[in-house]
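Here are a few exercises to work through with the structure open beside you. Try each task before reading its solution.

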Amino acid sequence: QVHVVESGGGLAQAGGSLRLSCACSGSIFGTRRMGWYRQAPGNQRELVATITSGGTTNYGDSVKGRFTISRDNAKNTVYLQMNSLKPEDTAVYLCKADYVYSDATLYEYWGQGTQVTVSS
């Protein structure tokens, strides 16, 4: 069983910064794309950012230029540096890891989520 664990959420003021971390317990060879999504009350889950094992990144339009996703493959960990935070960034941030087993089966593993609250 692969586990995905987020950390680093909390409270920030508008214009401030937070850094989230997400660790995947599976092998580095099986872990493919990892990414962050967020969900605010009453809203659908939306893409924040993803990164492949090769370092290719993709960002949601609402965070481009403010958030940066990075990855340490040796630690099987991704990070989300969030700058210039806005109150509308308030949400539960969830990490997802796409994992491929030796039989080529692909699974998606989600973390429990970490709350980010931005005050105005």
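**Exercise 1: a buried acid**

The backbone nitrogen of Cys95 sits 2.8 Å from a polar atom of the Glu6 side chain, a polar contact (a pair of N or O atoms within 3.5 Å; within protein, one must be able to donate a hydrogen and the other to accept it, and residues adjacent in sequence count only if both atoms are side-chain atoms). This is a predicted model, in which local features need pLDDT of at least 70 and side-chain atom pairs count only at pLDDT 80 or more, while totals for chains, interfaces and linings use all residues. Residues are numbered from 1 along each chain as its sequence is written, and side-chain values use heavy atoms, with hydrogens and water left out.

Task: find which other backbone nitrogen the side chain of Glu6 reaches, and which side chain of opposite charge is nearest to Glu6.

Step 1. Start in strand β1, residues 4–7, where Glu6 lies; strands are DSSP runs of E with at least two residues, helices runs of H or I with at least four, numbered from the N terminus.

Step 2. From there, the Glu6 side chain reaches the backbone nitrogen of Gln112 at 3.1 Å.

Step 3. Now look for a partner of opposite charge (Lys and Arg count as positive, Asp and Glu as negative; His and the chain ends are not counted). Arg45 is the nearest, at 8.6 Å, and Glu6 has no salt bridge although it is buried. A salt bridge needs a side-chain nitrogen of Lys or Arg within 4 Å of a carboxyl oxygen of Asp or Glu; buried means under 20% relative accessible area, exposed over 50%, and partly exposed in between (1.4 Å probe, protein chains only).

Step 4. Beyond four places in sequence, the contacts of Glu6 (heavy atoms within 4.5 Å) include Trp36, Tyr93 and Gly113.

**Exercise 2: from Glu6 to the core**

Task: which residues touch the most other members of the largest nonpolar core?

Step 1. Such a core joins buried Ala, Val, Leu, Ile, Met, Phe, Trp, Tyr and Cys residues through side-chain atoms within 4.5 Å.

Step 2. Among its 29 residues, the answer is Trp36, Val48, Phe67, Leu80, Met82 and Tyr93.

Step 3. Strand β9 gives the largest share, five residues.

Step 4. Follow Tyr93: it touches Glu6, and also Trp36, Val48, Phe67, Leu80 and Met82, among others.

**Exercise 3: two positive phi values**

Task: are Asn76 and Ala104 buried or exposed?

Step 1. Asn76, in the loop between β7 and β8, has a positive phi of about 55 degrees. Its relative accessible area is 2%, so Asn76 is buried.

Step 2. Ala104, in the loop between β9 and β10, has phi near 75 degrees. Ala104 is exposed, at 61%.
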